[in-house]
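Trainee: Could you give me a close look at one spot in this model? Then walk me outward from there, with the numbers attached.

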Amino acid sequence: MKKHTCTTLYLVIFCIIALILRAYHITDKTLWVDELYVFNLANHSSVLTTISQTLTTDLHAPVFFVMVHYWIKLFGTQDSLLLVLPVMFSWLMIATGWFVCKKLFNTSAAVIYTLLATFNCLEIYYAKELKFYSLLPLLGLLSFYFFSKITEVDTTKTFCKKDALWLALINLLIIYTFNIGIIFVFIQFLTGLCFVLYKNKTAVKKFVISFLCTFVLYLPYFYFQINTLKSSKSGICTITDLFYFDFSFIQILFQNFFTPLLDNLGNNQINYNIFSNIQSLNIAGFLFFILIPLAISVFGIYKAIASKNTKNLLLIIWSSVSILAMCILAQLDIVPVLTRYVIIFHAILIMSVSYGLSLIKNKKALFVTICLIALPFITTLISPHSPALGRSSAHSDAAAVLKNAAHIKNTDFVLMPYMGQFLYKYLPDSKYIDFQIDEILFKDNAQFSGKTFINSNNLNDFARTKQPSAVVEEYLSEYLSLMKKGDRLFFVQSYLAYVIRDDIYIEVSNNIDLDAKNLNKTQKAVRFRILYTKMQSDILAVLRKNLKLTHIYNAQSMDLKIYEFEKF
């Protein structure tokens, strides 16, 4: 009884710590562009509008958008209140993981899991983001729990329809939350089928039927997914052009999953090498923050596999084969893959590590091991770059500059060519010039608002012509004609990672054949940046020609610059 009380108290304490870490500085965090995209789709008067727009305009599934829609209805649109939703999901992952780990493995594993998951920097980071990446590990835990229950069937156990029904429900939530969730569910089906065939062939029919129901209910979404995917493939560039991938990504994945130093969460680094971190850390820092926690995590997984525990083998096979499949698809340029795209397996992999470490019989050695893996996470949380701290976004920073420094008026125009329409959240009364470079490059053969901005068959000439595009000038002139003398226009230049410096632009654009059909991944990424840079420079050229540049503001974000123009 005393031991049960101690473990319950331990769970309560760490749940409180987990909540504090995830809610800490939440009022300082503002939404960045991907979160604003979620907010924009969810912030409709009707949930049917949210669902229809998600299905027809976005590759992601509608469940999380629907959740945010009702969350807005209940609590409003303030950023900090919106972020309570992912915080709640991340916190539930801690409590749920405790019970799942205890039920499937042992109490010691549950205790270790709670400690590791509470302080994990990746989980804390995504707990403060208005995306479904804090929900996926929770769904992954629940899916694995019921998956392990129905694959336990042998000649002494009957197939439990209730567990199969719960698994089908959880897997449907995964599929309708994440656009590539079907890959994970399908590989889970193949993994479980092999186990059931081996243990009890009489249960195969019921097992197949339980998954078949899930796949049939997926078909309505599949129809919309294919149509949206076709549309995204019709652009000059595709979303995969922005994400470089090779199999060194596995190193990034392991570092982000099991160490406190997060790397390349937004993109995959070319020629990544884990030892390159020594350049920014000394040897002691590299050992303490990366090598030791990574080595202990790998050791924990090894110990868990060596135990030949059936549930752990299911866990490892499902997660590793799914991640491998994602990597192969990314190599084929079918889908991009980042750490967050496989985060559904994060909690269960932490659970595997915890189970493996719980098998260490020497209590002193176990204590030292846990300290060595937990302390780097804890010490990282007090650094200036801690994921527990709040972060401002380019859109909120731009709005702050426009309001506080530029003193924007409701007669002024704002042009932000990358997701600028989302500025309305922070500047609801401003006039916006609708010009979105991402939509021009990604969708419908460079068409936007009924105009074709780029000849997709002659990209070289477009990129190397110094004069601004006549179509860009014609499009902007419609807005410029509405301005009166003394009216201002603010051009918000954002995401400088996509902008090539003027002094090397000509050299870069001359060294790649933009019209070639067999560009490699690096060349495709460069092509996107060349076209993005050219369109931004065209906008600036047209504005400089027709308006007077009066001021340039630098915002808090390093990737943000705001030009103030005035009608003369």
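Mentor: One term before we start: a residue counts as exposed when its relative accessible area is over 50%, as buried when it is under 20%, and as partly exposed in between. Keep in mind too that this is a predicted model.

The spot I'd pick is lysine 308. Its relative accessibility is 67%, so it falls on the exposed side of the cut-off. Lysine 308 sits in the loop between helix 14 and helix 15 (310-331). Its backbone is the odd bit: phi is positive, about 60°, although the residue is not a glycine. As a rule, most residues other than glycine have a negative phi. Asparagine 264 also has a positive phi, about 55°, and is not a glycine either. Asparagine 264 belongs to the loop between helix 13 and helix 14.

Helix 14 itself covers residues 283-306, and alanine 284 is part of it. With a relative accessible area of 51%, alanine 284 is over the 50% cut-off and therefore exposed. If you want a sense of distances, take alanine 284 and lysine 161: 123 residues separate them in sequence, and their C-alpha atoms are 53 Å apart.

Now for a part that is covered. Helix 2 runs over residues 33-42, and seven of its 10 residues are buried. Those are Val33, Glu35, Leu36, Val38, Phe39, Leu41 and Ala42. What do they pack against? Their partners are helix 3 (47-57), helix 4 (63-75), helix 5 (79-82) and helix 18 (394-404).

On to the sheet. It is open, has five strands in the order 2-1-5-7-6, and its pairing is mixed. Strand 2 (431-432) and strand 6 (548-554) are the edges, each pairing on one side only. Strand pairing in general goes through backbone hydrogen bonds, either parallel or antiparallel. Here, strand 1 (residues 413-415) runs parallel to strand 5 (residues 488-494), and three bridges join them. One bridge to look up links valine 414 with phenylalanine 490 in strand 5.

On to strand 5 and strand 7: these run antiparallel, with seven bridges between them. Leucine 489 has phenylalanine 565 of strand 7 as its bridge partner. Strand 7 and strand 6 are antiparallel as well, joined by six bridges. At that junction lysine 548 faces glutamate 566 in strand 7. Strand 7 is mostly covered, too, with five of its seven residues buried.

Helix 23 (residues 521-546) lies across strand 1, strand 5, strand 6 and strand 7 (560-566), and its angle to strand 5 is about 160°.

Follow helix 23 a little further and you get to the second largest pocket, where this helix gives the most to the lining, with eight residues. The pocket has a volume of about 530 Å³. Its lining counts 23 residues, and those nearest the centre are Ile500, Asp502, Thr533, Ser537 and Leu540. Helix 20 (459-464) and helix 22 (502-510) join helix 23 as the elements that give two or more residues to the lining. By type, the lining splits into 10 nonpolar, six polar and seven charged residues.

Finally, the enclosed space. Rolling a probe the size of a water molecule over the atoms shows where empty space is left. How many cavities of 30 Å³ or more does the structure hold? There are three.

The largest has a volume of about 70 Å³. It is lined by Leu116, Asn120, Phe257, Phe258, Ser297, Ile350, Val353, Ile373 and Phe377. Helix 13 (249-258), helix 16 (346-358) and helix 17 (363-380) supply at least two lining residues each. Seven of the lining residues are nonpolar and two are polar, with no charged ones.

The second largest cavity comes to about 50 Å³. Around it sit Thr240, Asp241, Phe243, Tyr244, Asp333, Lys521, Lys524 and Ala525. That lining has three nonpolar residues, one polar and four charged.

So that's the walk: an exposed lysine 308 to begin with, then the five-stranded sheet, and at the end the cavities.

How values were computed. Residues are numbered from 1 along each chain as its sequence is written. This is a predicted model: local features need pLDDT of at least 70, side-chain atom pairs count only at pLDDT 80 or more; totals for chains, interfaces and linings use all residues. Side-chain values use heavy atoms; hydrogens and water are left out. Two strands pair if DSSP finds at least two bridges between them. Helices (H or I, at least four residues) and strands (E, at least two) are DSSP runs, numbered from the N terminus. Contact means heavy atoms within 4.5 Å. Axes are lines fitted to C-alpha atoms, for helices over the stretch in contact, and angles run from 0 to 180 degrees between N-to-C directions. On a 1 Å grid over the protein atoms alone, a cavity is a set of points where a 1.4 Å probe fits but cannot get out, and a pocket is an open set with protein on both sides within 12 Å along at least five of seven lines; lining residues have an atom within 4 Å of a point. Grid points are joined across faces, edges and corners, and a volume is the space filled by probe spheres set on the points. Ala, Val, Leu, Ile, Met, Phe, Trp, Tyr, Cys and Pro count as nonpolar, Asp, Glu, Lys and Arg as charged, and the others, Gly among them, as polar. Buried means under 20% relative accessible area, exposed over 50%, partly exposed in between (1.4 Å probe, protein chains only).
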